[in-house]
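The following exercises concern charged side chains and their pairing. Each task is followed by a solution in steps.

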Amino acid sequence: MSERLENLRAIIDTGLNVLSPDELLKEMLDRIRTVLDADTAVVLLIDESGENLLAHAAHGLEEEVRQGVRVPVGVGFAGSIAAHRSPNAIDHVGPDTVFNPLLWERGLHTMIGAPMMRDENVIGVLHVGRLREQAFNGEELELLLVAAERIAGAVTAQHLTAEVAAAELLERSLLPSRFPKVPGVELAGRYAAAAPRVIGGDWYDAFTVPTGELWLVMGDVMGHGLRSAVVMGRVRSALRAYALLGGGPAHVLELTDRKVHHFEMGRLTTALCAVSAPPYDTFEISCAGHPAPILAVPGLDAVLVEVDSNPPLGAIPDVRRTSITVDMPLGSVLTLYTDGLVERKDASIDEGMDRARQSVSCDHPEVVCRTVMSRMVGHSTPEDDIAVLVMRHTAIPNCSDNGADPERNISTPSINGGNSG
């Protein structure tokens, strides 16, 4: 009994928590080999498709990892453990019992394995083997189950650490580090991730094309984590590429929608594109299921722009998308944002959008961003990622007549529908 307790302590030792996820996994495999008197210990993880197990870490059978061993779920020893979500043991290792030839080529005689579970989902398989003909007993199976649970936690932590680092790097590379310098235009933006800091699919973009058109883009890929961030990057790049080909925002969103349907199946993306040519006094806006932008004109209350209600990208194939045009008199401010800014559990989205509208004024975009984030977020923790992009139309240098007042053309904006993409 004392030996069994010592073995159990070796596996659940909380002192290992000070190790990094990589170091913890390595130490756990070493201890499992010792505790179970085994010659090999291998961790295989289910790939993104859910159809294969991939060798992730090993002691005594390192070539599995080096060779990138892949075992189909439901096939062979490890594949059956993953498919049936239950442990298994074999006292004969050969082509008729295992899928991976490295196991019998290594000379293993007996093996035991257990599924690695996380939130009731199988994430992988842990198996150990012996070169001698000595079967594993029930007590050793119990210890392996404990080890599989501990390693599942270590692997999850390992993946989260890597995912957050990769997502943050991706976020920094995709959000504009600086805005284009456009005469007659001032720009500012904000991005705030929900806590705990798990990057999602929210983004904003501002760029010009060779024709001189200015593109303002706001988007939100469904979900969180690295996968959503990767899809966000692909959609953003596709939209930029299609914008270079020419055509209005509705046409560009149609082309991007085809790409999403073909390559990003199952990932809904809302997006809004606002496009203007010099002197930037009108914007053509096309919306794909995204919250309406806010327009503030000097001397008037800010309003929610009445955009056409087109479905999100990836929702319905071959949608004919439309756009509307909005006047932008000098001094006007256009604010784009994602739903994280206006959605709250204790209030309706209409209330949130009205609060956001009241937060927008005809100040410098940096002031507008600061005010919006202060009033909408304040000291609270965002429940979802938030992206905000603000543009103000100013006088183009040297374009006024004999130093005339650049604010002379301020007037009530018109919002016209009916332009097709």
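A salt bridge is a side-chain nitrogen of Lys or Arg within 4 Å of a carboxyl oxygen of Asp or Glu. The model is predicted, so local features need pLDDT of at least 70 and side-chain atom pairs count only at pLDDT 80 or more, while totals for chains, interfaces and linings use all residues. Residues are numbered from 1 along each chain as its sequence is written, and side-chain values use heavy atoms, with hydrogens and water left out.

**Exercise 1.** Determine which acidic residues form salt bridges with R132.

Solution. Step 1: R132 pairs with D37, their closest N and O atoms being 2.5 Å apart. R132 lies in the loop between β6 (121-130) and α6 (138-174), and D37 in the loop between α2 and β1 (40-46), so the pair ties together parts 95 residues apart in sequence. Helices (H or I, at least four residues) and strands (E, at least two) are DSSP runs, numbered from the N terminus.

Step 2: R132 also forms a salt bridge with D39, at 3.9 Å between the closest N and O atoms. This pair joins parts that are 93 residues apart in sequence.

Step 3: D37, D39 and R132 are therefore linked in a network of salt bridges.

**Exercise 2.** State how E27 and R31 are placed in helix α2.

Solution. Step 1: Their side chains meet in a salt bridge of 2.8 Å, N to O. Step 2: E27 and R31 are four residues apart in helix α2 (residues 21-35), which separates them by about one helical turn.

**Exercise 3.** Is D37 buried or exposed, or in between?

Solution. Buried means under 20% relative accessible area, exposed over 50%, and partly exposed in between (1.4 Å probe, protein chains only). With 43%, D37 is partly exposed.
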